Amino acid sequence: MQKMNKLIVLLVFLFIPQALVKSQGTFECSGIIGTHPSLLKSGYVYDPNISIRYVKINIHYMLKTDGTGNFTETTDGVVSANSPYNGYTYAALLVNTANQRLASNPKMNLPPNNATPNYPKQYRFILAGVYFHRNSNYYYYPNGGYLLDLYGVNLGSEINIFFDNANGQNGGGQASMSGSRMVEIRGAWDTYNQWYATNKLIGTWALAGTITHEIGHNLGLDHTVRYSNGPCCATGDASCGDNCDDTPSRDQMLALGFDACCGFNQEGIATCDNNLMNYTGDQALTPCQLGIVFGNFTKDESSNGTKLYLTCSFTTNVLDLCSLGSNQLLYNAKTINFPASGCMNGLIPVGQSIVFTASDGINLNNGFEVQLGSSFETSIISSCQ
Ligand SMILES: [Zn+2]
């Protein structure tokens with residue numbers, strides 16, 4: 001009888017995590033949107049003591065024309081669930097979770113017994129805006145660059161991330177490596193819908209991992225042991241991979257007798273590549289990869305760089321604000337005046353979390369008011385080089 005009890009307990013523990021992993025096991029990056037730049041190392045030597053850089057991102061929810069099928073401004077889109085989440089709170093939670101994942105850098109599994117440093121990743125994401133689009137024509141993945149043309153905000157200086165429906169397929173995403181940076185993620189709401197309805201979990205951990213991977217592409221990183229569109233590198237194809245010496249190629253590991261091209265949730269296997277730019281869902285980045293990311297942070301768009309995506313790149317000198325809308329959450333300028341001269345009042349919208357980032361000054365004038373349930377943060381930072 002005791003044996004039977006043990007068996008039942010064991011089955012419960014074996015089956016539940018497996019079910020969770022499978023429903024969350026949505027990590028497939030189906031490719032690169034737009035042009036794929038030729039792979040070059042940046043020549044930039046990463047200094048782990050650099051101050052943290054903040055990359056501006058917008059989150060867009062693609063809804064059906066009738067307003068159903070995704071998070072909305074006020075609900076999670078699942079009326080029966082009675083959930084505390086809406087499009088804004090879910091986006092904020094997701095960005096926080098992605099930043100938690102960026103805050104650690106696991107040691108590389110490969111090559112065996114390596115001494116590759118796992119430096120801190122000195123970059124994070126900051127939520128610049130949350131947007132809602134009601135158009136059934138663009139509800140299902142994939143839509144690619146059309147989404148950017150129709151709904152992109154501050155192209156070239158903010159990464160636009162679109163959440164559309166997986167239409168019954170697995171989740172995953174794709175991203176651009178050049179031009180205006182964007183990400184398209186499929187199935188975020190589908191996973192939330194399934195998880196929250198059954199066990200009140202929201203499934204943001206794996207999704208945050210997908211976002212850090214896709215934004216890795218935006219910032220100039222290619223897949224380590226895979227082609228850009230996903231398949232494992234073919235044996236003997238030296239052109240496949242990311243061109244970094246400290247991320248061993250699939251061929252190099254095959255020569256040692258094992259295959260490093262593993263799938264989701266296999267980062268615990270010592271012979272699997274646990275790099276952020278493979279598919280295990282783990283988050284390791286090497287000094288070479290960090291050099292590429294931070295090298296691109298020093299270059300502007302004309303050199304295919306990402307400098308303008310950082311909060312420390314101030315493209316506006318003085319921002320005079322009279323009123324704030326509900327979608328833009330981050331305001332970034334050398335000097336911010338709110339409310340500006342001549343404005344009656346300056347209200348932080350009900351329920352919103354607004355951030356002002358400036359290098360020279362933030363002037364909060366008569367009439368400034370943070371309304372009930374809202375939050376307001378200011379940050380003075382130096383311009384980046
Ligand atoms: Zn990818």
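Me: Which residue stands opposite A358 in strand 14?
Reply: That is I380. Bear in mind that this is a predicted model.

Me: How many bridges between strand 11 and strand 14, and in what sense do they pair?
Reply: Strand 11, residues 353–358, pairs with strand 14 in the parallel sense, over six bridges.

Me: What sheet are they in?
Reply: An open sheet of three strands, order 8-11-14, with parallel pairing. Strand 8 (330–332) and strand 14 (375–380) are its edge strands, and each of them pairs on one side only.

Me: How much are neighbouring strands turned against each other there?
Reply: By 15 degrees on average, with direction ignored.

Me: And the sheet with strand 9, what is the order?
Reply: The order is 7-9-12, again for an open sheet of three strands with parallel pairing. At the edges stand strand 7 (318–320) and strand 12 (361–364); each has a single partner strand, so one side of each is left without a neighbour in the sheet. The average turn between neighbouring strands of this sheet is 10 degrees, direction ignored.

Me: How many bridges hold strand 9 to strand 12?
Reply: Four, in the parallel sense, with strand 9 covering residues 335–338. One facing pair is F338 and L364, the latter in strand 12.

Me: Where does C343 sit?
Reply: C343 is in the loop between strand 9 and strand 10, the latter being 346–348.

Me: Buried or exposed?
Reply: Partly exposed: C343 has 17 other C-beta atoms within 10 Å, and a residue needs 20 or more to count as buried.

Me: What does C343 touch, leaving out residues up to four places away in sequence?
Reply: C322 and G367. As for S323, its C-alpha is 8.3 Å from that of C343, and the two are 20 residues apart in sequence.

Me: Different topic. Why call strand 6 largely enclosed?
Reply: Because five of the five residues of strand 6, residues 182–186, are buried, the strand is largely enclosed by the rest of the structure. Both of its faces are covered. M182, E184 and R186 lie on one side, V183 and I185 on the other.

Me: Which strands pair with it, starting with the parallel one?
Reply: Strand 4, residues 159–164, pairs with strand 6 in the parallel sense over five bridges. In that pairing F162 has E184 as its bridge partner in strand 6. Strand 5, residues 172–176, runs antiparallel to strand 6 and is joined to it by four bridges. There, G173 is matched with I185 of strand 6 as bridge partner.

Me: What's in the turn of that hairpin?
Reply: Five residues lie between strand 5 and strand 6, and G179 in the turn has a positive phi of about 65 degrees.

Me: On to helices. How far does helix 4 reach?
Reply: Helix 4, residues 188–199, has 12 residues and reaches 16 Å from first C-alpha to last, close to the 16 Å expected at 1.5 Å a residue. Its buried residues include A188, W189, D190, T191, Y192 and N193. K200, just after helix 4, takes a positive phi of about 65 degrees.

Me: How many residues of helix 5 are buried?
Reply: 14 of the 15, so helix 5 is largely enclosed by the rest of the structure. Helix 5 covers residues 204–218 and reaches 20 Å between its first and last C-alpha, close to the 21 Å expected at 1.5 Å a residue. G220, just after this helix, has a positive phi of about 115 degrees.

Me: Which residues touch the most other members of the largest nonpolar core?
Reply: V55 and L127, out of 69 residues in that core. Not counting residues up to four places away in sequence, V55 touches Y123, F125, I126, I159, Y309 and L310. Another core, of five residues, lies apart from it, with F314, A333, I336 and A358 among them.

Me: Last one: what is the mean pLDDT of the chain?
Reply: 90, with 92% of the residues at 70 or more. Residues 1–24 have a pLDDT below 50, and beyond near neighbours in sequence this stretch has seven contacts in the model.

Technical notes. Residues are numbered from 1 along each chain as its sequence is written. This is a predicted model: local features need pLDDT of at least 70, side-chain atom pairs count only at pLDDT 80 or more; totals for chains, interfaces and linings use all residues. A residue is buried if 20 or more other C-beta atoms lie within 10 Å of its own, exposed if 12 or fewer, and partly exposed in between; C-beta atoms are placed from the backbone. Helices (H or I, at least four residues) and strands (E, at least two) are DSSP runs, numbered from the N terminus. Two strands pair if DSSP finds at least two bridges between them. The expected span of a helix is 1.5 Å times one less than its number of residues. Axes are lines fitted to C-alpha atoms, for helices over the stretch in contact, and angles run from 0 to 180 degrees between N-to-C directions. pLDDT is the predictor's confidence in each residue, from 0 to 100. Two residues are in contact if their C-beta atoms, placed from the backbone, lie within 7 Å. A nonpolar core is a set of buried Ala, Val, Leu, Ile, Met, Phe, Trp, Tyr and Cys residues joined through C-beta atoms within 7 Å.
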